[in-house]
Amino acid sequence: MTNSSQTGRRSEGLALAAVGLSVVLWASAFVSIRSAGDAYSPGALALGRLLAGTAVLGVLLAVRREGLPPRAAWRGIAVSGCLWFGLYMVVLNWGEQQVDAGTAAMVVNIGPILIALLGARFLGERLPPRLVAGMGVSFAGAVAVGLSMSGDGGANVLGVALCLLAAVTYAAGVVAQKPALAHGSALQVTFFGCLVGAVVCLPFSGQLVSDAADAPLTATLNMVYLGVFPTALAFTTWAYALARTTAGKLGATTYVVPALVVLMSWLVLDEVPAWLTLAGGALCLAGVAVSRSRPRHRKETEPENGSATVAAVADAR
């Protein structure tokens, strides 16, 4: 029992470190997207990012000789690849060109709530009171950050609709990816999902060539950075963590992103945050802490992650 408990804690610790790296890299993508988005159209930026990510992941897959994932993983890979890697990146890039960053942050942060609800509906995951309470606190923090960072121009209907669509596709992609990880490795699921997303974005290849010809080197380097780190590395570490915990609980950790964006903007761009921004960031962190906390009376025999749920879903299929 002691060895099993230690193994469980070690596995959870590694998963927490993996998702921590993911959210830090996704937060750093905020600055890169804003920079590259001035020179690249939404579809071209998504395609260039996915091509760079696919190239890096393909090399890693070849070095590790992992080959093709089992047939049972392909449905989840295809769905997550189309929705999360493909459609999500295009509509998010487009949405951020229509509305200010604060409004985009508020709308997209509906995603973790949708992940928890979809996980409960399709994966049989529980909705513990602490998870629900933590998401509520974090969402309030995201709204505070969004309001404090909103520009004077307001939001238009198209921009809000695009960010809402991005939240829906992100949540659906995470839930679809979860069962695939019961059959394929994190690297396999991420590489082929990224490849599917790149194929979906191929209609933007003409725009990518045209934009690349006129884009400054800094914008192109930002696009490559997005593909190598926030895509290839961050999506792989996310998949590793997702295979070891529930989709709802992992989704709640992404509420750390607004707080990290505020900090990075302060340190890198010298943008001093307002008090409301700092308070919102603190709420985001507090909500994540609540969502990941455990009740003191929790039994040792209770499952630590969603592996049992995934196995049950796989058996049902």
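Helices (H or I, at least four residues) and strands (E, at least two) are DSSP runs, numbered from the N terminus. Hello everyone, let's use that straight away: Met135 sits in helix α6, residues 129-149.

Before we go on, a word on the source. This is a predicted model, where local features need pLDDT of at least 70 and side-chain atom pairs count only at pLDDT 80 or more, while totals for chains, interfaces and linings use all residues. Residues are numbered from 1 along each chain as its sequence is written, and side-chain values use heavy atoms, with hydrogens and water left out.

Back to Met135. Is Met135 buried or exposed? Met135 has a relative accessible area of 6%, so it is buried (under 20%; exposed is over 50%, and partly exposed is in between, with a 1.4 Å probe and protein chains only). Which residues does Met135 touch, leaving aside neighbours within four places in sequence? Contact means heavy atoms within 4.5 Å, and on that basis the partners are Pro112, Ile113, Ala116, Ala252 and Tyr255. Take Ala252: in sequence, Met135 and Ala252 are 117 residues apart, yet their C-alpha atoms are 6.1 Å apart in space.

Now for the core. A nonpolar core is a set of buried Ala, Val, Leu, Ile, Met, Phe, Trp, Tyr and Cys residues joined through side-chain atoms within 4.5 Å. The largest one here has 61 residues, and the members that touch the most others are Tyr40, Trp84, Val174 and Trp238. Several helices each supply at least two residues to this core, including α1 (2-36), α2 (42-64), α3 (74-98) and α10 (217-242). The largest share, ten residues, comes from α10. Look at Tyr40 on your screens: beyond its neighbours within four places in sequence, its contacts include Leu45, Gln97, Leu208 and Met223. There is also a second, separate core of 16 residues, with Val23, Met264, Cys284 and Val288 among them.

Let's move to the surface. Leu87, Leu164, Leu165 and Val168 form a nonpolar patch with about 290 Å² of accessible area together. Patches are made of residues with over 30% relative accessible area and no salt bridge; like charges are joined within 9 Å, and nonpolar side chains (Val, Leu, Ile, Met, Phe, Trp, Tyr) within 5 Å. The areas come from the Shrake-Rupley method with a 1.4 Å probe, and for residues only the protein chains shown count as cover. Helix α7 (residues 157-180) gives the patch its largest share, three residues. One residue of that helix is Leu164, which is partly exposed at 39% relative accessible area.

How many disulfides does the structure hold? Zero, where a disulfide is a pair of cysteine sulfur atoms within 2.5 Å. For Cys82, the nearest cysteine sulfur belongs to Cys201, 9.7 Å away. Why does Cys201 not bond with Cys194? The sulfur of Cys194 is the closest to that of Cys201, but at 9.6 Å it is too far for a bond. Cys201 is buried, at 1%, whereas Cys82 is partly exposed, at 34%.

Last stop: charges. Side chains of opposite charge can pair when their charged atoms come close. A salt bridge is a side-chain nitrogen of Lys or Arg within 4 Å of a carboxyl oxygen of Asp or Glu, and by this rule the count is one. Glu66 and Arg64 make it, at 2.7 Å from N to O, and Arg64 is exposed at 56% relative accessibility. Thanks for listening!
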